[in-house]
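Q: Please take one part of this protein and look at it closely. Show me how it sits against the rest of the chain.

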Amino acid sequence: MAERITKADEYSGTLEPEEAQSTPVLQMPEGSESEVFTVLLCRIIGGRTNVVTTNEIEVDKLREDVFQGPYNSVFGDRETTLGKPYREVVIY
């Protein structure tokens with residue numbers, strides 16, 4: 001999950017052509033050449049959150065802390081210490 005739409009749009013992909021969709025979600029006007037990008041807008045609850053403020057990410061340790069430890073999610077706070085423009089959330 002991303003905290004801002006400007007980060008979420010980096011994960012977005014083009015909507016498949018209507019004939020390639022198993023259940024069409026959007027009909028494009030006949031002869032339309034424009035691309036449609038989709039994004040899912042969610043409100044999430046992180047529970048007990050493991051806050052990570054470094055670039056050194058130990059994936060196995062993060063998973064273990066959630067699946068066998070006290071945490072329900074991981075919050076990558078990349079703004080506070082690293083000066084990066086986005087924070088990210090992983091919910092298990």
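A: **Helix H2 and its surroundings**

Reading from the N terminus, the elements of the protein chain follow the order α-β-α-β-β. That gives two helices and three strands. The radius of gyration of the chain is 18 Å, well over the 12 Å that the globule rule gives for 92 residues, so the chain is more spread out than a compact globule. Keep in mind that this is a predicted model.

A few more values set the scene. Along the principal axes, the C-alpha atoms fill a box of roughly 50 × 30 × 20 Å. Of the 92 residues, 15% are buried. Take the contacts between residues at least 6 apart in sequence: 47% of them join residues at least 24 apart.

Now to the part itself, helix H2. Helix H2 spans residues 59-67. Which of its residues are buried? They are Leu-62, Asp-65 and Val-66. These three cover an arc of only 95° around the axis, which puts them on the same side of H2. A general rule helps here. An α-helix has 3.6 residues a turn, so residues three or four places apart point the same way.

Turn to the other face. The side of H2 facing away from the buried one carries the exposed residues Asp-60 and Phe-67.

What lies over the buried side? The cover of the buried residues of H2 includes strand S1 (49-52) and strand S2 (73-76). The contacts of single residues fill in this picture.

Start with Leu-62, which sits in helix H2. Its relative accessibility is 15%, so Leu-62 counts as buried, the cut-off being under 20%. Set aside residues up to four places away in sequence. Leu-62 then touches Asn-50, Val-52, Ile-57 and Val-74. One of these partners can be placed by distance as well. Val-74 is 12 residues from Leu-62 along the chain, and their C-alpha atoms are separated by 7.5 Å.

Next comes Asp-65, also a residue of helix H2. Asp-65 has a relative accessibility of 14%, so Asp-65 counts as buried too. Asp-65 is a charged residue by the grouping used here. Beyond its neighbours within four places in sequence, Asp-65 is in contact with Asn-50, Pro-70 and Tyr-71.

Asn-50 has now come up twice, as a contact of Leu-62 and as a contact of Asp-65. Where does Asn-50 lie? Its place is in strand S1. With a relative accessible area of 10%, Asn-50 is buried. Leave out its neighbours within four places once more. Asn-50 is in contact with Leu-62 and Asp-65, and also with Tyr-71, Ser-73, Val-74 and Phe-75. Val-74 appears here and among the contacts of Leu-62 as well. Tyr-71 appears here and among the contacts of Asp-65. For a residue farther along, take Gly-83. Gly-83 and Asn-50 are 33 residues apart along the chain, and 19 Å separates their C-alpha atoms.

Past H2 comes a loop. Gly-69 lies in the loop between H2 and S2. Is Gly-69 buried, exposed or partly exposed? Gly-69 is partly exposed, with a relative accessible area of 36%. Gly-69 and Glu-35 are 34 residues apart in sequence, and their C-alpha atoms are 43 Å apart in space.

For contrast, look at another part of the chain. Leu-41 is found in the loop between H1 and S1. Leu-41 counts as exposed, at 82% relative accessibility. The C-alpha atoms of Leu-41 and Ala-2 are separated by 9.8 Å, with their positions 39 residues apart along the chain.

Ala-2 leads on to the largest pocket. About 360 Å³ of space lies in this pocket. It is lined by 14 residues, and the closest to its centre are Met-1, Ala-2, Ala-8, Leu-40 and Cys-42. Helix H1 (residues 5-11) gives the most to the lining, with three residues. The lining divides into 12 nonpolar residues, no polar ones and two charged.

Back to H2 for a last look. Leu-62, Asp-65 and Val-66 are its buried residues, and their cover includes strands S1 and S2. Asp-60 and Phe-67 are exposed on the face turned away.

Terms used: Residues are numbered from 1 along each chain as its sequence is written. This is a predicted model: local features need pLDDT of at least 70, side-chain atom pairs count only at pLDDT 80 or more; totals for chains, interfaces and linings use all residues. Side-chain values use heavy atoms; hydrogens and water are left out. Buried means under 20% relative accessible area, exposed over 50%, partly exposed in between (1.4 Å probe, protein chains only). Helices (H or I, at least four residues) and strands (E, at least two) are DSSP runs, numbered from the N terminus. The arc is that of the directions from the helix axis to the C-beta atoms. Contact means heavy atoms within 4.5 Å. On a 1 Å grid over the protein atoms alone, a cavity is a set of points where a 1.4 Å probe fits but cannot get out, and a pocket is an open set with protein on both sides within 12 Å along at least five of seven lines; lining residues have an atom within 4 Å of a point. Grid points are joined across faces, edges and corners, and a volume is the space filled by probe spheres set on the points. The radius of gyration is taken over C-alpha atoms; the globule rule is 2.2 Å times the number of residues to the power 0.38.
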